[in-house]
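Let's take a walk through a protein chain together. Have the sequence and the 3D view open, and follow along as we go from the overall layout to the inside.

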Amino acid sequence: MNDYDLTTLIISYYYLVFMIVAVSANSLLMFLIKCRSPHIANGFKIILINTAANEVLLAVMQSALQVRLLPSGTVLALLPAGPLRHLGPTVCFIAYNVINALNLNIGISVFHSTYFRYRVIKDNELSSEQVQRNLLVSFMLPIFVAAITCTSPFHFDTVMEVAIQEHPEYSLREYGPFGGFSSTTNPLFVLKSMILFIASVALPATIFHYRRLIVKALSSPGAALTEKTRENSRILLQGLTAQALIPLLCIVPIVLLYFISQFNGNGFAAGEFLMPIFTTLHCAIGPLFTIYFITPYREWVINLINHPVQRFRLMVSSLIQPRTQNTFVNVVSKV
């Protein structure tokens, strides 16, 4: 087995597990939002469903693409190893741009969650119509990010030629026809990259700002909030904080390493595979945080797990108890 086959096999297994976890967790979350949220505001449900639906779509697309990013001078080749490669480089190129847009949209949606909670604490809750309007307006930036680099000619032949010449140590022809960005110095590419990187830093920073305001409001003795509302808000705030940290911990370091390697002209082989993996890892982690930190969801899952465990214990005890009694009777009769 050559290096290409081994690497592709490992990556394929990872994305299979990733897709199963991400789709299952987000599907469970959407079920809980629809069926187990009697006391959660409709506006907040809309935001949570928007986040979960985007994460499902992102996980499926990324698992179908399984892209490897290969910088080659001023060329950035997109090497797909997933099923989408059979549809050609144009489809893979568009899918990669849509994945970037979905990533951005998810980050914005998490911000909406924090802002909604802030408005609730300030006794000025957003209506469902306001939430829908805000989400529709915020869709414009991800759509712009997805479309901006698709407006210029692709020049995939140039991408393939340069990548193969620059990296003779790789068996790039094994990937079949592939595409990418023919010039990373193109103003449109630079603009898109800057938007994505700034958003990955600015959105968590903004979320932390509203987190500070929420904590301040919860600690204020004059706030007309019940103790239960305060406690639930603190727990939910922990989940939103954890979700805000995911981009900082997963996306920012790997992107910085990529830019440093580009600037120094040195390759970063692991980053070719890790950047797409780390930038989508939140799809599997985020819904688990949400389920854990929203009290009704966590309690429902715990009860779901405990119920079969309790039934199993009762079944085992019912099987053991008669045997114990029979053994005791036999011993007594012998005496």
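Before we start, one term: two residues are in contact when they have heavy atoms within 4.5 Å. Keep in mind, too, that this is a predicted model. Now look at contacts in the protein chain with a separation of 6 or more: 77% of them join residues 24 or more positions apart.

Next, the layout. The protein chain has 335 residues, and 44% of them are buried. You can count 11 helices and three strands. Reading from the N terminus, the order is α-α-β-β-α-α-α-α-β-α-α-α-α-α.

The UniProt record, an unreviewed entry, adds the annotation "transmembrane region" to residues 12-32, 44-65, 93-115, 135-156, 189-210, 235-261 and 273-294. Let's zoom in on two of those spans. Residues 189-210 are 100% helix and 0% strand, with end C-alpha atoms 31 Å apart. Residues 135-156, on the other hand, are 64% helix and 0% strand, and there the end C-alpha atoms sit 35 Å apart.

Now head inside. The largest nonpolar core has 27 residues, and the ones touching the most other members are Phe-18, Leu-65, Leu-69, Leu-78, Tyr-96, Phe-181 and Cys-283. Which elements supply at least two residues each? They are helix H1 (3-35), helix H2 (42-65), strand S1 (67-72), strand S2 (75-80), helix H3 (89-121), helix H9 (269-278) and helix H10 (282-293). H3 gives the most to this core, with seven residues. Apart from this core lies another one, of 19 residues, including Leu-29, Leu-32, Ile-33 and Tyr-297.

Try clicking on Phe-181. Leaving out residues up to four places away in sequence, Phe-181 touches, among others, Val-75, Leu-76, Leu-78, Phe-93, Tyr-96, Val-159 and Phe-189. Thr-74, Asn-97, Thr-149 and Lys-192 are among the residues it touches as well.

Finally, let's look for empty space. There are three cavities of 30 Å³ or more, and the second largest has a volume of about 120 Å³. What lines that second largest cavity? Its lining has 17 residues, and Leu-48, Ser-113, Leu-240, Gln-243 and Thr-290 lie nearest its centre. H1, H2, H3, helix H8 (227-264) and H10 each supply at least two lining residues, with H2 giving the most, five residues. As for character, this lining splits into nine nonpolar residues, seven polar and one charged.

Key:
Residues numbered from 1 in each chain as written. Predicted model: local features only at pLDDT ≥ 70, side-chain atom pairs only at ≥ 80, totals over all residues. Heavy atoms only, no water. Core = buried A, V, L, I, M, F, W, Y, C linked by side-chain atoms within 4.5 Å. Buried < 20%, exposed > 50% of the residue type's maximum accessible area, 1.4 Å probe, protein only. Helix = DSSP H or I, 4+ residues; strand = E, 2+ residues; numbered from the N terminus. 1 Å grid on protein atoms, 1.4 Å probe; cavity = no way out; pocket = protein on both sides within 12 Å on 5 of 7 lines; lining within 4 Å. Points joined across faces, edges and corners; volume = space filled by probe spheres on them. Nonpolar A, V, L, I, M, F, W, Y, C, P; charged D, E, K, R; others polar. UniProt positions renumbered as here; feature names shortened; annotations may be inferred.
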